[in-house]
Amino acid sequence: MQEERVWEALVALIAVFLGLAVWHFSGSLPPGQGGAPGPAFFPRILAGILVLGGLALLARVGRQAGLKPFWTLRRESFVRMVLLWSALWLLPWLLPKLGLVFTAVVYSMLTAALLGARRAEVLYLGLVVGALVQLVFAELLKVR
Amino acid sequence: MFGFDTLLALLLGVVYGLLKGVLFPGIPATLSLVLVLPILIFLSPAEAAAAVIGLTTTAIFTGDAGSVMVRVPGTPASAAYTEEIHEVGRTRSPAFALGLSTTAATVGGLISILFLVLGSLGLAQVAKLFSSVENTWVVLMGVISGIFGAPSLLKGILGFAFGMLLGTVGVDPSFGTPRFTFNNPYLLGGIEFIVALIALFGVSEVLYALHAFPLHKTQGQAQPSFDLRRLLRTFFLEAPLTVWQERWLLLRSSLIGVFIGLMPGAGSDTAAWMSSNFVRLRRNHKPEQVALAGAAGSDSTIAGDWIPTLALGIPGDTMTTVVLGLFMALGITPGPALFKDQLGLVFQIYLAFFLSAVVFRPLIGFLAVILVSRITQIPRHLLLSAVMSLCIVGAYAINRNPDDLFLLPTLGLFGFLLRKSGFTLGPIVLGLVLGPLLEQNVTMSLIKAGGNLMAFFNRPMAAALALIDVVLVITLLHLRRREARAKPVSDLAGRYEE
């Protein structure tokens, strides 16, 4: 529960920040005409909900004492998660270079290694994933 | 009408659902559907619908295999009676326990198909009279139910707002003005729905598992002996006989399931908890009765969930929200127009439900018995690694655009953060699907009425629907308060969220 509150605080901050940003950027959208709400109408409602909801969530979390920063929770697994997440940002650059099948194999093996699979399991998985992607996506659906 | 390709798609969906239930029960049913969306998008609407029906109907009831063998529910619905069905499997036999749930699911499924045909045809006739004003209230009904379906009301509202906000990116549907695109041509088309689903469900699941490292490893128990004749007798004779003895309980649980399925936002897990809890209230109840009631309740919601989805375009649960998004991606808009323009497709959907429930389910149930008694489940850490690569391949396959892959880390992390903080992903997907519809209907109604808000109440049907929305809010608030007072205590509840 304590851990959930830490993450809740982070999401609440994101909601407030996002709400303020949406309010700011929707200001440049044209106003509505002839009784119709303009394109900024719904984004502004959503911005209000996000700010108020985020603040309500923050107030609920604020009553809980002694919360640790999120990056200190499960430090080792947090690092593993960040590693995979960072690797995902390379995808748009890596996929055109390596091709679909090889990229799928690399990422399945990387995930398996980070999830603590044995070396033989990692290799076996790479083979199975490679064959599956080649057969279903490359051959059958012609995705290149 | 129901061609060979459609039948094959249905069969493949059923087989995939079986494999999901037996080999990888730890993968949520919605995620298993999301993972095949990039393949379904290449099929015709009838084939895609048949595959989805085969998958969803089978994945829900084969979720019991994990409960029977290793006391790990394969679906949230199965969690409602995991203790009891595991007990039945231990004291009688796994074949008997799965025979019980298969028979109950088959009968429950049949009853719900009857309601699906009558309910959706009737509702679609009424919905033909709707204008954008009435549609606003109907969409709002779906929004309310989805928000209240979340464990926390505040998180439900925030989740819906997040989803709807994602839906506002791109060209505004009413005025054609670009919104939140920051002069990036990629964002003009909006956030690709299926890629967003893959990131929110798939990538977040892998990140979630990595953060929970080391994973709790579950291994299936291989049965020491295999006697086909005995399995056949237990599955097809003894279990149905027990179900027949409890026929009134079966009927009651099925009707509860259909009713819950009809309510937008409520899914098979609610029905399973409700119908099994009714049995638990009896002083001398048997585990067989709880398992039977839970299985019938959960499976009869599936077709019920499709009634508002098909007739009104309002999804019944997270799974049908995904299906609705898939239909839209295939160029089909569920609602009254579907019954007018593509009645053939509607009947193919009914037929797919019937074939799946009556022909395939008993066979697949028996296959599940053989599989769980012969093989070991695939370890979760290997499955999740395969899921990761399928997310990448699937996200790319939709548009063959590497830029789509930027959504994976962005929305994947977002989904991870939301799940870590106790949000369910259902309201977010609902916001993505229903948000633009809500905006379009409200804008159109206000343009027609020259900005007069009373237009939302002037027509009798609109006023009636507005009243239904108010009653729905009051009822759901009341139910929520009652549920908070008497929450069922189970260590298995909530282990799976979607």
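## Salt bridges and the contact between chains A and B

A search of the whole structure, which is a predicted model, finds 14 salt bridges over all chains. Side chains of opposite charge can pair when their charged atoms come close. Four of these pairs are listed below.

| Pair | Closest N to O distance |
|---|---|
| Glu8(A) and Lys155(B) | 2.4 Å |
| Glu8(A) and Arg60(A) | 3.4 Å |
| Glu238(B) and Arg233(B) | 3.6 Å |
| Arg179(B) and Asp172(B) | 3.8 Å |

Glu8(A) appears in two of the rows. Its salt bridge with Arg60(A) has its closest N and O atoms 3.4 Å apart. Glu8(A) lies in helix α1 (residues 2-26) of chain A and Arg60(A) in helix α2 (residues 41-62) of chain A, so this pair ties together parts that are 52 residues apart in sequence. Glu8(A) counts as buried because its relative accessibility is 0%, whereas Arg60(A), at 28%, counts as partly exposed. A network of salt bridges links Arg5(A), Glu8(A), Arg60(A) and Lys155(B).

The two pairs within chain B can be described in the same way. Arg179(B) and Asp172(B) are both buried. Glu238(B) has 28% relative accessibility and counts as partly exposed; Arg233(B), at 46%, also counts as partly exposed.

### The contact between the chains

The size of an interface is often given as the accessible area lost when the parts come together. Between chain B and chain A, the buried area is about 5,800 Å², and carbon and sulfur atoms give 83% of it. In chain B, the residues that lose the most area to chain A are Leu210(B), His211(B) and Phe213(B), together 12% of what that side buries. The contact involves 66 residues from chain A and 64 residues from chain B.

The count of salt bridges between the two chains is 1, and 7 residue pairs are in polar contact. Several elements of chain B give two or more residues to the side that touches chain A, including α7 (153-168), α9 (193-211) and α17 (380-399). The largest share, 12 residues, comes from α17(B). By class, this side of chain B has 45 nonpolar, 13 polar and 6 charged residues.

### Chain A as a whole

Chain A has 6 helices and 0 strands. The C-alpha trace of chain A spans about 60 × 50 × 20 Å along its principal axes. Its radius of gyration is 23 Å, while a compact globule of 144 residues would have one near 15 Å. Buried residues make up 45% of the 144 residues in chain A.

Notes:
Residues numbered from 1 in each chain as written. Chains lettered and ligands numbered in written order. Predicted model: local features only at pLDDT ≥ 70, side-chain atom pairs only at ≥ 80, totals over all residues. Heavy atoms only, no water. Contact = heavy atoms within 4.5 Å. Buried area = accessible area lost by both parts, 1.4 Å probe. Salt bridge = Lys/Arg side-chain N within 4 Å of Asp/Glu carboxyl O. Polar contact = N/O pair within 3.5 Å; in protein donor to acceptor, adjacent residues only side chain to side chain. Helix = DSSP H or I, 4+ residues; strand = E, 2+ residues; numbered from the N terminus. Nonpolar A, V, L, I, M, F, W, Y, C, P; charged D, E, K, R; others polar. Rg over C-alpha atoms; globule rule 2.2 N^0.38 Å. Buried < 20%, exposed > 50% of the residue type's maximum accessible area, 1.4 Å probe, protein only.
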